[in-house]
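The exercises below concern helix packing and enclosed space, and each task is followed by a solution that goes step by step.

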Amino acid sequence: MAIAVTTLAASMSLGASVELPHAFDSAVLLWILAALALAPFLLIAMRKFRAAFIPPIIFVGYLKTAESKGLSLTDPTIIALLLLGGSIVLDLLFVITKRDPNWQREFLTQWKSVASFGALAAVIAVSYLYSPAPTYGWDKLTRFLGISGILFFAPLVLIKRTDDVRHFTLAMLVCAILLSIKLLFGVNDASLFDSTGHPLSSESRDVTQIGAGQMVGFGLLWLLFSPHYSLRRFSLMISVPLLCAALIASVARGPIFFFVAVLVPFLFLRRVRAAVSATNVWLPVLLAGFLAFAGSLYWLQRQEAAQEKFRTKRAEIEEVLRGSSTPTYTAGRRLTLYRWALRMFAEKPLTGWGLGGWSYYVFDRDVPAYPHNLVLEIAAEEGVMGLAALGTLLLCVSLAMRRIWRSSPDLSFIAPVFAFSLLATMTSGDINVNRPLWLWCGVIFAFAGIVRRRLHASKTVEWQAFRTHPLGLGPPPLRDYSLHP
C-alpha cells in the first residue's frame, strides 16, 4: 500500500503541475471520495505492514522529477512522510492502549542509541545559533530533524519481528526496481531528470546520478544478503541483473567502486553468506549480475549522451593519478573542498563555523554547498563537539552490530549495507543527502532489539525446561532465526 500510494504520487509528478482554480471542483471531490473509501484499507496496511512504509521515504526523492515547492499534500515526499508518521503514531497508540508494561522496557533498553542520535541532533541544532548562513542552515536543520530524525526513530518503533524485516525487504525490492527502470530510461530521456529537483537528488542532472546510484547500491546489497523475503531465488534472478545494469547506468564512480569494495570481502565472510543461500543460488545470481554489469557498460559506451561522460571520468582518474596541483575535474576538486574544510576546522576547532557555514566560508554567500564528506562537514561546521557526537553514535552502532553479528546470523546482512552507506558519505552529499545512513543506524538498533528479545525468549524456554526437567533433560531451547533461503 505504501509503495502503491507513493509510486502513484511520483508518477503524477512526471507531468506538469496542475493548478486547481476552484477548491471544490469535481476532481478534488473525486480525490476526497477516493481517499475516504481507501482510508480503512490504508489503516489496516499501516498496522499490518508497518515496516513497508519506511523505504519509500529514501527513494521517493529520486523517483519523482518535479521540484518540491513548499509543503503540499500532492508532493510525493510529503505523502510518504505522512504515511510513515501515521504508521508510527498508530503503532504507538496500539502499544499504549494494550497497557503492556513491556513496551516501556523496550524503549528504555534503547536509551543509549536514542541518546547518541539525540546528542548529535542537539549539537547540530545549537550550531545553527551562530551560523553565518541562516537561510541554508535553517533549511538544513529542519530537513535533518523532520526527515532524518523520523527515519532514525521509525525502525525502533516499526521493526520488532522477523515479519517486519520481511515487509521492509519487499518494499526495498519494489522501490529499487522502480528506480533502476527510471535510471535505465533516463540515459536517453533527459526529461526524467529535472535540473532543479528535490534536494534528495540535488546533483547535476546529466547522465551522472550519484545519489540514485547509491540507492541502487545499498538496495542491491540488501537484496543479495537478506534472507527475509519469499521467492528469493526467483526475485534475485530478476532483480540483480536489473539493479546491476542500473548501477552502471548511474555513471557514478563512487557508488560502483564502493559496491565492489563491500561486496567482495563480505562474499567470503561465512557468517553473512551462510545465512543467505547455498552456492547453487549464488553462482547463477552472480553470473547474471556480472553479465548485466558488462552489458550495461557496453551499451552506455555506445550512447551519445554517455560517451562524453566516460571520457571525462577517464580524464579525471588520470589527473588524480598524476597528482595535479590544479585539478579541473570533480575528482580533483573534491580534494580542494576537503582542504577548505580542514582549514575551517583548524581556525575554529571547538565549535566550528555553524550549520551551513562551509558555504559562507568558501563562497561568501548563503547558498546550499558542502564539502562532500560527512566527517569533514561536521568538523568544519560543528567542530570537536560535532565529531564527538558523531563518534559516540558510530560507537553505539558498532556495539549493536557486534551483538547482532554474534547472536543472529540472519540479521547480520545489515553490516555490508551500513558499510556501503558510510563509505558513500566520504565522497558525496551532506547530512541530509546522506540520510540513508541515519536510517541504517536506526535499523541496526532495531535489529539489536530483536536479538535481545530472542535471547530473552531463549532463556525463558531454558528456565521452563529446567523447571520441568531438573536434570536438564528437557528439549533444547528454540531460537527464532527464521531463515528463508
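**Exercise 1.** How much space lies in the largest cavity? Work with the predicted model, and then establish which residues and helices line that cavity.

*Solution.* A search of the whole structure finds 4 cavities of 30 Å³ or more, and about 60 Å³ of space lies in the largest cavity. Its lining consists of Gln214, Phe218, Phe420, Ser421, Ala424, Thr425, Val433, Asn434, Pro436 and Leu437. Turning to the helices, α9, α18 and α19 (435-468) each supply at least two of the lining residues, while the largest share, 3 residues, comes from α18. Sorted by class, the lining holds 6 nonpolar and 4 polar residues, and no charged ones.

**Exercise 2.** Determine how helix α9 (residues 210-225) and helix α18 (residues 414-424) are oriented with respect to each other, and describe their contact.

*Solution.* The two axes come within 8 Å and cross at roughly 165 degrees; because angles over 145 degrees count as roughly antiparallel, α9 is roughly antiparallel to α18. The crossing in which α9 passes α18 is right-handed. On the α9 side the contact is made by Gln214, Gly217, Phe218, Leu221, Trp222 and Phe225, and on the α18 side by Ile414, Pro416, Val417, Phe420, Ser421 and Ala424. These residues divide into 9 nonpolar and 3 polar, with no charged residue.

**Exercise 3.** Carry out the analysis of orientation for helix α3 (residues 55-63) and helix α8 (residues 162-186).

*Solution.* Their axes lie 10 Å apart, and the packing angle is about 10 degrees, which means that α3 is roughly parallel to α8. Contributors to the contact include Phe59 and Tyr62 of α3, together with Phe168 and Lys182 of α8. By class, the contact has 12 nonpolar residues, no polar residues and 1 charged residue.

Key. Residues numbered from 1 in each chain as written. Predicted model: local features only at pLDDT ≥ 70, side-chain atom pairs only at ≥ 80, totals over all residues. Heavy atoms only, no water. Axes fitted to C-alpha atoms, helices over the stretch in contact; angles between N-to-C directions. Helix = DSSP H or I, 4+ residues; strand = E, 2+ residues; numbered from the N terminus. Parallel < 35°, antiparallel > 145°, perpendicular 65-115°, else oblique. Contact = heavy atoms within 4.5 Å. Nonpolar A, V, L, I, M, F, W, Y, C, P; charged D, E, K, R; others polar. Left-handed = near helix turned anticlockwise from the far one by under 90°. 1 Å grid on protein atoms, 1.4 Å probe; cavity = no way out; pocket = protein on both sides within 12 Å on 5 of 7 lines; lining within 4 Å. Points joined across faces, edges and corners; volume = space filled by probe spheres on them.
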